[in-house]
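Welcome! Here is a short briefing to help you find your way around a structure you have not met before. Take a look at it first, and then we can walk through its binding sites together.

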Amino acid sequence: MRIAGQVSLDDIPNICPLLSRAVNPQYGEKGTRVVDVAGVRFGGEQAVVIGGPCAVESHAQTVGLARAVKRAGAVMLRGGAYKPRTSPHDFQGSGLEGLCILSVAREETGLPIVTEVMDPRMVGEVARVADMLQIGSRNMHNYSLLAEVGRVGKPILLKRGMSASLCEWLGAAEYIAKQGNLNIVLCERGIRGFPSGEYSRYVLDLNVIPAAKMLTFLPIVVDPSHATGVSAMVEPASRAALEMGSHGLLIEVADYTFGEPKCDGLQAIDAATLARIVEFARARREEPEVRSQKTVAAAANLPRHRREVRSQESEVSSLPT
Ligand code: PEP
Ligand code: MN
């Protein structure tokens with residue numbers, strides 16, 4: 001039986017001609033597009049560990065945590081200036097002031113920043129500060145926001161919608177790519193399943209990592225913080241994600257000397273735990289012979305729809321999946 005609107009993974013080459021591995025043979029069976037964020041290479045030879053608070057709350061808290069995250073060995077800072085909260089009466093983030101604090105934290109530590117943008121009207125403002133724009137789970141289906149961040153040209157961290165299929169997630173990435181921006185990193189952050197909320201916040205779908213890698217050349221990372229919602233689960237979930245082939249981790253960190261976090265404190269880890277995760281990630285460094293083949297397809301072999309984005313072609317690394 002055929003049903004209107006139903007798609008399957010076999011449709012990915014049609015849904016995602018710009019991002020599908022099948023339609024872009026220059027990436028081969030295992031090649032990954034390296035997404036460079038101010039020198040941090042997603043999909044390169046080393047897994048990328050990003051740490052920082054759920055929300056930017058104050059100068060002291062964010063700069064203090066940025067320093068701790070750097071000392072722990074993480075290479076990027078996360079922190080939301082705009083927060084998508086369940087209740088409109090809860091803390092919504094510190095907005096423009098939060099963006100200023102993030103830029104101070106970058107100056108102090110040199111860590112590139114990833115922060116969420118929720119509103120198409122704010123994309124320019126957020127992109128002035130952010131090295132990488134985060135599209136949150138709740139906005140993965142916001143097609144006008146996806147097009148807007150695609151136009152602005154900064155690398156994008158695209159979280160998976162909490163109830164999104166892989167087809168829908170890759171389709172969302174294609175909306176960004178269609179605007180000429182292929183610098184997209186996918187982020188699995190847990191999906192709704194029947195035990196969600198019983199012993200963990202969401203269900204961490206590690207199987208999607210190899211599945212996504214089969215279908216697209218985009219790098220993929222995991223957010224074990226939102227996926228589990230339990231700080232004690234974050235370290236083992238991080239290790240499991242790396243074992244399943246994740247190109248990196250996005251982790252929430254807190255330090256209670258700056259006060260209790262205004263959101264997501266129960267899933268935040270301390271800097272010492274982050275340091276252990278970084279150590280584990282570094283120990284998994286890929287062997288030189290299996291990494292980094294600088295490749296780009298001959299222009300003549302590219303299908304028509306690829307020509308428009310050819311100028312965006314960059315480095316491809318070949319990592320075992
Ligand atoms: C976040 O990373 O701060 C966040 C809100 O995550 P998600 O969109 O995955 O819920
Ligand atoms: Mn959070």
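How many Å lie between a polar side-chain atom of Gln134 and an oxygen atom of ligand 1? In this predicted model, the distance is 2.9 Å. The notes below start from that contact and then turn to the metal.

**Contacts of ligand 1**
- Arg138 also reaches the ligand, with a side-chain N or O atom 2.8 Å from an oxygen atom of ligand 1.
- For Arg189, a polar side-chain atom is found 2.6 Å from a ligand 1 oxygen.
- On its own, ligand 1 has 300 Å² of accessible area, and the protein covers 97% of that.

**Surroundings of ligand 1**
- The largest pocket is where ligand 1 sits.
- Its shell is made up of 7 charged, 4 polar and 1 nonpolar residues.
- Among the residues around ligand 1 are Arg78, Lys83, Pro84, Glu116 and Ser137.
- His226 and Glu252 are also around ligand 1, and both are donors of the manganese ion (ligand 2).

**The manganese ion**
- Cys54 (SG), His226 (NE2), Glu252 (OE) and Asp264 (OD) are the protein donors of ligand 2, at 2.0 to 2.4 Å.
- Along the sequence, these donor residues follow the spacing C-x171-H-x25-E-x11-D.
- Glu252 belongs to strand S11 (residues 248-252), while Asp264, 12 residues apart from it, is in the loop between S11 and helix H10 (271-283).

Conventions:
Residues are numbered from 1 along each chain as its sequence is written. Chains are lettered from A and ligands numbered from 1 in the order in which they are written. This is a predicted model: local features need pLDDT of at least 70, side-chain atom pairs count only at pLDDT 80 or more; totals for chains, interfaces and linings use all residues. Side-chain values use heavy atoms; hydrogens and water are left out. A residue is near a molecule or strand if one of its heavy atoms lies within 4 Å of it. A polar contact is a pair of N or O atoms within 3.5 Å; within protein, one must be able to donate a hydrogen and the other to accept it, and residues adjacent in sequence count only if both atoms are side-chain atoms. Accessible areas come from the Shrake-Rupley method with a 1.4 Å probe; for residues, only the protein chains shown count as cover. On a 1 Å grid over the protein atoms alone, a cavity is a set of points where a 1.4 Å probe fits but cannot get out, and a pocket is an open set with protein on both sides within 12 Å along at least five of seven lines; lining residues have an atom within 4 Å of a point. A molecule sits in a cavity or pocket if more than half of its atoms lie within 2 Å of its grid points. Ala, Val, Leu, Ile, Met, Phe, Trp, Tyr, Cys and Pro count as nonpolar, Asp, Glu, Lys and Arg as charged, and the others, Gly among them, as polar. Donors are N, O and S atoms within 2.8 Å of the metal (3.2 Å for Na, K and Ca); water is not among the atoms, so sites may look incomplete. Helices (H or I, at least four residues) and strands (E, at least two) are DSSP runs, numbered from the N terminus.
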